[in-house]
Amino acid sequence: MQGTLPVGTFYGFPPRFLRRSDKPGGANPTLSEWMRKDWTVADIVLEQWTFADVALNIGINIAKTPVRHQTEASVVGCACGIAGRRTSGFDSLRAQSESVQFFARIGTIIAGDEMELDWQVCSRARLTRDARFDGKFFIGVFTSGVYCRSICPAPPAKEKNVRYFPTAAAAAEAGFRPCLRCRPECSPGTPAWLGTPNTVSRALRLISESGLDDGGVEALAERLGVGSRHLRRLFLQHLGATPSAVAKTRQMHFAKKLIDETNLRMSDVALASGFGCVRRFNAGIRKVYHRTPTQIRRLARQRTLQPENHNLFRLRFRPPYDWKGMLAFLTPRATPGVEAVVDGTYRRTISLNGSDGCFEVSLEEGSNVLAVRLQFADPRSFFFITERIRSMFDLNADWAAIVQSLRTDPVLATGVDSGPGLRVPGCWNGFELATRAILGQQITVKGATVLAGRLVSNFGQPFSSGNGLTHLFPTAAALADAKLTRIGLTGARAETIRALARAVCDGRLNFEGVVDSDAFLSRLCEIPGIGKWTAQYVAMRALGEPDAFPSGDLGLLRAMALGSSRELERHADAWRPWRAYAAMYLWRITRQRAESGSGPTASSSQKDTLGSIPSSQHLSLVV
């Protein structure tokens, strides 16, 4: 192996980890020459040493062991050891950053494309502070030792003094600490489906829901059906950090967010962010931010005090964001007593882990922020609640990537240009959404909303908040044997809802932590009365699948002037993997035509065609 595999060629350093002036070159030195000098990892790349030369100096028997058999921890640890042993100060940080990425790549050579960053694009976004790139990459600054967002208000550093990282966890693993000015914990989330395989996307989704509390990386890998070592390799390859590092960074960021934006006691902040005890919390904050939690809160300078059990969170998104379009979709579908949309504000009741509460969401004018006012007593649920709200309002979406596919279609191009930033609304609870979809089969949205109100008033738990919200949505246990025909449902619809509720109660269906969407939807379709349309609608809004597409929907067919779902599916292939966003625009087009009277409404098309079509196939939620 020695003398046959130059390290620089083997790794092929991407521009984001090298200064522009670094260019590989020079003859391969002998091992004796190498050992007489304190080389840094940058020198290794410049000199194109062999992998065996590196292994011999590190002192591990890597030359005799295939690369695939090396563990990430050992290789990265050795890299950090070199950086710390041969350099000091900011030079040490620079070397550590390069070495972590270098050896992580060597230790995780697998098939597939790497999540690459174009340093020229990153540089332009950094210098112009372009908000569209916020959260899509992070900037490590060697002169200050911090990592920043693309919109950081601090004076930009010279290009030779920065490195670009695909995730905050990758920057943290390279030895940088979060910037206190731009607050990386407030950046929009990285879209899980961009540039990553399904395994990584699903793992990120599970980590956002529950972290690694249910058994660590091994349990996460088992749920995903892969080995824990392979999962770590995938994370290092595509995100630049291991699953545990990603979870730890999210935990630390959420703790910082609670310190800055809430009035919680530090003991409650430690509990809410998952540290378990105040001592670990204090030590972790001090290690990362070089300040105590109290000092950080003093720097935040909170101006308003919230009442007890009331907390304000500010959730950022990448512009553009069509808030009016989001509310226009949610308003007619708001379940009376559970949800309400008033004066540009969305409100709803929630129940989680035996505690009840409510929240409201509104747009902060002049900033790319949704303000969330949460009324909930248990701080341990705050992380889950805020992540679920992010999902509900699709705040992690990258509009710049979505619009490239949608603008290729002339029908969608007009809607995209006139109303950019339309997102796919999510939901608070998957069972609630599925029940709501069943109620809406073959009737208008207005009729389904009336039935949903009756369902809530008869079977939901009363709730008093003083803002027009009166009930919690009925649980699966409450509907499993309920007499639903008394609220006006047909016998078939009532039995479908009961069958769905029993499947959830029995554990045959679980809307939380779905790993394999196709398998889940197949089980969902086994329930009598639930067909492909309902399943795809659930995938869009409950599972957050950006490519879900209810091709049998009459509103979509009408908007495209097509006669069959098969034709629509063929036409929609050009919109992948963003067909859910295309569906939102087509529904808007159909609704606008109906309101202006410029074309047949979805209702009239239903009357013409539904008589001979099975109830679970062609449906519409447009009007």
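Is Cys179 buried or exposed, and what is its relative accessible area? Cys179 is buried, at 7%, where buried means under 20% relative accessible area, exposed over 50% and partly exposed in between, using a 1.4 Å probe and protein chains only. The legends below start with the whole chain and then zoom in.

This is a predicted model, so local features need pLDDT of at least 70 and side-chain atom pairs count only at pLDDT 80 or more, while totals for chains, interfaces and linings use all residues. Residues are numbered from 1 along each chain as its sequence is written, and side-chain values use heavy atoms, with hydrogens and water left out.

**Figure 1. The whole protein chain holds 29 helices and nine strands.** Helices (H or I, at least four residues) and strands (E, at least two) are DSSP runs, numbered from the N terminus. Of the 623 residues in the chain, 55% are buried. Now take the contacts, meaning heavy atoms within 4.5 Å: among those with a separation of 6 or more, 68% link residues 24 or more positions apart.

**Figure 2. Cys179 and Cys182 do not form a disulfide.** A disulfide is a pair of cysteine sulfur atoms within 2.5 Å. The closest cysteine sulfur to that of Cys179 sits in Cys182, 3.8 Å away, which is too far for a bond. In fact, the structure holds zero disulfides. Another cysteine, Cys122, is buried too, with a relative accessible area of 4%.

**Figure 3. Helix H11 covers residues 228–239.** From the first C-alpha to the last, its twelve residues reach 16 Å, close to the 16 Å expected at 1.5 Å a residue; the expected span is 1.5 Å times one less than the number of residues. Nine of the twelve are buried, so H11 is largely enclosed by the rest of the structure. Among the buried ones are Leu231, Arg233, Phe235 and His238. Just after the helix, look for Gly240, which takes a positive phi of about 80 degrees.

**Figure 4. The largest pocket contains about 1,200 Å³ of space.** How do you find a gap like this? Rolling a probe the size of a water molecule over the atoms shows where empty space is left. On a 1 Å grid over the protein atoms alone, a cavity is a set of points where a 1.4 Å probe fits but cannot get out, and a pocket is an open set with protein on both sides within 12 Å along at least five of seven lines; lining residues have an atom within 4 Å of a point. Grid points are joined across faces, edges and corners, and the volume is the space filled by probe spheres set on the points. This pocket has 44 lining residues, with Glu209, Leu352, Asn353, Phe384 and Glu512 nearest its centre. Elements giving two or more residues to the lining include helix H9 (198–210), strand S7 (345–352) and helix H17 (382–392). H12 gives the most, with six residues. By class, the lining has 20 nonpolar, 15 polar and nine charged residues. Here Ala, Val, Leu, Ile, Met, Phe, Trp, Tyr, Cys and Pro count as nonpolar, Asp, Glu, Lys and Arg as charged, and the others, Gly among them, as polar.

**Figure 5. The second largest cavity holds about 200 Å³ of space.** The structure has nine cavities of 30 Å³ or more. Sixteen residues would be a lot to label, so start with the ones nearest the centre of this cavity: Glu339, Cys427, Glu432, Leu433 and Arg541. S7 and H20 each give two or more residues to the lining, and the largest share, three residues, comes from H20. Sorted by class, the lining has seven nonpolar, three polar and six charged residues.

**Figure 6. Trp533 sits in helix H25, residues 532–541.** Its relative accessibility is 2%, so Trp533 counts as buried. Gln441 is 92 residues away along the chain, yet the two C-alpha atoms are separated by 9.6 Å.

**Figure 7. Two cis peptide bonds are shown here, one of them joining Pro319 and Pro320.** Omega for that bond is about -5 degrees, and Pro320 is in the loop between strand S5 (310–316) and helix H16 (323–330). The other view has Arg576 and Pro577, joined with omega about 0 degrees.

**Figure 8. Asp394 and Ala561 have positive phi values near 55 degrees.** Neither residue is a glycine. Asp394 lies in the loop between H17 and helix H18 (399–406) and is buried at 10%. Ala561, in the loop between helix H26 (554–560) and H27, is exposed at 69%.
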